[in-house]
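Visitor: I would like to learn how to read a few features in a model. Please take me through them one by one.

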Amino acid sequence: MENVERSLLGRAFVLNSKYRLKFSKTDRMRFIGHLDLMTLFRRSIKKAVLPVAYSQGFNPHQLMSFALPLSLGVSSIGEYLDIELEIEVDENIIKDKLNEVLPLGVSIIDVAHIEFSKKTAASLLVGAVYSVKLDKVDNLDNAILELLSKEEIVVEKKTKKGLAMTDIRNDIYDIKKIDEFTIELFIATGSQGNLKPDVVVAYLCQLMNVVYDKYKVKYERIDLYESINGKFVRLGDWE
Amino acid sequence: MMIPDEILLQVEKPARYIGNEINMVVKDPKSVDIRFGFCFPDVYEVGMSHLGLQILYYFLNRREDVYCERIFCPWTDMEKIMREKSYPLFSLETLESIKSFDFLGFTLQYEMSYTNIINMLDLASVPIYSKDRDESDPIIFAGGPCAYNPEPLAEIMDFFYLGEGEVSLDLIMDIYKENKAVSGTRDTFLEKILSVDGVYVPKFYEVTYKDTGEINSFIPNNPKAPKKIKKVIVKDVDKVFYPEKQLVPLIETIHDRVTLEVFRGCMRGCRFCQAGYVYRPVREKKYETLIEQSKTLIETSGHEEISLVSLSTGDYKEFEKLATGLLDEFSNKKVSISLPSLRIDAFSLELMEKVQEVRKSSLTFAPEAGTQRLRDVVNKGITEKDILDGCKLAFSGGWSRVKLYFMVGLPTETEEDILGIASLSESIVSKYYEMPKELRKKPVAVTIGSSCFVPKPFTPFQWFPQDEIEIFMEKQRMLKRTIKSKQIRYTYHDAKLSVLEGLIARGDRRITKVIVRAWELGARFDGWTEHFKYDVWVQALEDCGIDIKFYANRKREYDEILPWDHIDIGVTKKYLINEMEKATAEVITENCRDFCGKCGAQSFGEGICVEQ
């Protein structure tokens, strides 16, 4: 029997099956926050009657971990969630059953069975790509070039201790112009460095000399990345 | 979506305005004959926890010809933007304006929500007063516990529904459809529903007043209007429609769990409690029905907790069997059971341990009064021995937190009764320290909450003058001074809010303008401490020339015509008078199961009244 290990006492226990789910969060569902999204998944997994594994101890909770919280208001077509099931279930069944119960706006895109020993998505994370639809632009191409040419970009950033002046240049991997009002940002996230897209956009607007209206600019997270042998690879590009 | 993103991003909890919850009903509005708006006059999180909404939402939506959608009161930040940018009030299912709906049904859960009702009508561009509406407006009606005294809203609502929704709503919908098909008007519809049980149409009744202010007469002005309107109740609570699904919100609400109704009514007859009289008789669901319903609701919702909801769940005849049955059903499904406040005895302790309510939670008691004498007056059966024995048992089991609920301002109350609250609490603290030191792992924490008694219609105390604000405050101060132990925490309710509640609870048609004026001056969410503006109400009372004392603080005579006398809840006035007399004599009344006092509810011929 695979996946069975024997403890020192000779009792057999079976390892749980781990799955990485890629999902989208769009439309009206942009307006629920991360904690509420977690509750939504907990309930949906229960409703779908998936054999989810629970933690031990006084307050057992579903073994589930998200790659990266998504800010309220931001949509996404590239979110990731790891779950552990007590038994093996076909990936398509997991996908279909969850999609049956999830509300409009949250949808499972793909499911992959991953090695139990594989690290969590959250710990592998190094970068995120955001598509940003700007409200006002002025010489966008130049502004992007200017930003990328800078060796150092010091801005006020909120840290645990309060506000601090930080150099964020190294956390900005790339910026691409997609069309007149749309850009794509590839920025650091996860354990390496955590940069929020609005900090970059605010700075870019400063360079363009336009007002940054945080309520009018639209953000969508496109995908999340890990680093394998020095190369950026999408979390969903399963081996 | 009507409200643009940029607005939703600016308000608190934008998810209040997006709908799209699990189990939300989706229909094509063009495919139905009746668009019905269920309006809950409070914020989303409060309304979504209301069991009545859950039941009626699915009840109405089971009809193919009706689409029932939900509308809650926008929070103050959203209201401001809606007014600035002229966004009309909208429903959550279709995000459409509700002005063109056929019905807007409001649930009257508590008196201080009335300014929110007016606010919602105004935001929907519906004229506030019934007489000002025309064929383009929805029919506006109200039901719920406060509807038993409909008069403060009688000039605002087109009609009232007295009783349980499952009984006559279908007929009302049918009559509406028929009326519409023959191009009938609002007026013809309102006249047609006069024949429906439980329906009260205020415009067909005239009120006159004496010079001294009391009601002189209250009579129909239409031959079809019944002199008295009897509430309607569901006869068979096992067979009546009960939803198989529950709306599961996307954000945290007050009750994030399956709420399962165990029975309707209450047999205790506590004399201050309106719910105990207006929901009679007790009708219990069968054990099998409850287990079935609990399973279905858990399956369709994905909730991790189930709670039992009734006025006094512990009185359910087969409570032990039910609690054990639910535990057996759910303990290995990772669904926890949330228990209501129970009498503390060996069984309930064992139960609480199983349910792992855990010593984290507190024990709750509602003695309501500080002395046995006053408890007998209000017919609250709990004794000091019950409380202290229960605490002793629980403390030795590891509990260290106790919550006690009291009221100040009860009839025949004296200083001794107020001091009794303090001494009872101190006794509990002493009880804790009687335990051997090893068992006392934490210090004990006793919390006392005192609310201000508001006499309610259809209770034996409905003739009783409420305490004035200053008196309430003095009593609260006295209690505060008397509490010595550091382990006792005392919180109290706002007396000003309670007296205003008293104004509305026993108000008549003349106070409608006060509520409207208060709203005009900015009153909203009066039940919320951070939004309650007492000065606005004082101004409104002055502007309208209404003396709050006439309504709240005046002793009424037994022969006075009360504003709610035209409503029949089953329990008779004769019985209530008798209960008031017994109260003054400090004589208790037994519960319905032990002894039938022939209160009048037996006229329905149902439930506990006909139990063997």
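Guide: We go through the chain contact, a helix pair and some backbone features.

Guide: This is a predicted model, where local features need pLDDT of at least 70, side-chain atom pairs count only at pLDDT 80 or more, and totals for chains, interfaces and linings use all residues. Residues are numbered from 1 along each chain as its sequence is written, chains are lettered from A and ligands numbered from 1 in the order in which they are written, and side-chain values use heavy atoms, with hydrogens and water left out.

Visitor: How many residues of chain A are in contact with chain B?

Guide: Contact means heavy atoms within 4.5 Å. By that rule, 21 residues of chain A touch 32 residues of chain B. The two chains bury about 2400 Å² between them, with 58% of it on carbon and sulfur atoms. Buried area is the accessible area (1.4 Å probe) that two parts lose on being put together, summed over both. On the chain A side, Arg28(A), Phe31(A) and Arg43(A) supply 34% of the area buried against chain B, more than any other three residues.

Visitor: What describes two packed helices?

Guide: The angle between their axes and the distance between the axes. Axes are lines fitted to C-alpha atoms, for helices over the stretch in contact, and angles run from 0 to 180 degrees between N-to-C directions. Helices (H or I, at least four residues) and strands (E, at least two) are DSSP runs, numbered from the N terminus. Take helix 15 (residues 469-482) and helix 16 (residues 495-505) of chain B: their axes come within 9 Å and cross at roughly 140°. The two helices are therefore oblique to each other. Under 35 degrees counts as roughly parallel, over 145 as roughly antiparallel, 65 to 115 as roughly perpendicular, and the rest as oblique.

Visitor: Which residues of helix 15 of chain B meet helix 16 of chain B?

Guide: Ile469(B), Phe472(B) and Met473(B) meet Ala495(B), Lys496(B) and Val499(B) in helix 16.

Visitor: Which backbone features stand out from the general pattern?

Guide: Most residues other than glycine have a negative phi, and most peptide bonds are trans. The bond from Arg280(B) to Pro281(B) is cis, with omega near 0°. Pro281(B) sits in the loop between helix 8 (274-278) and strand 12 (283-284) of chain B. Asn139(A), not a glycine, has a positive phi of about 60°.

Visitor: Is Asn139(A) buried or exposed?

Guide: Asn139(A) is exposed, at 53% relative accessible area. Buried means under 20%, exposed over 50%, partly exposed in between (1.4 Å probe, protein chains only).
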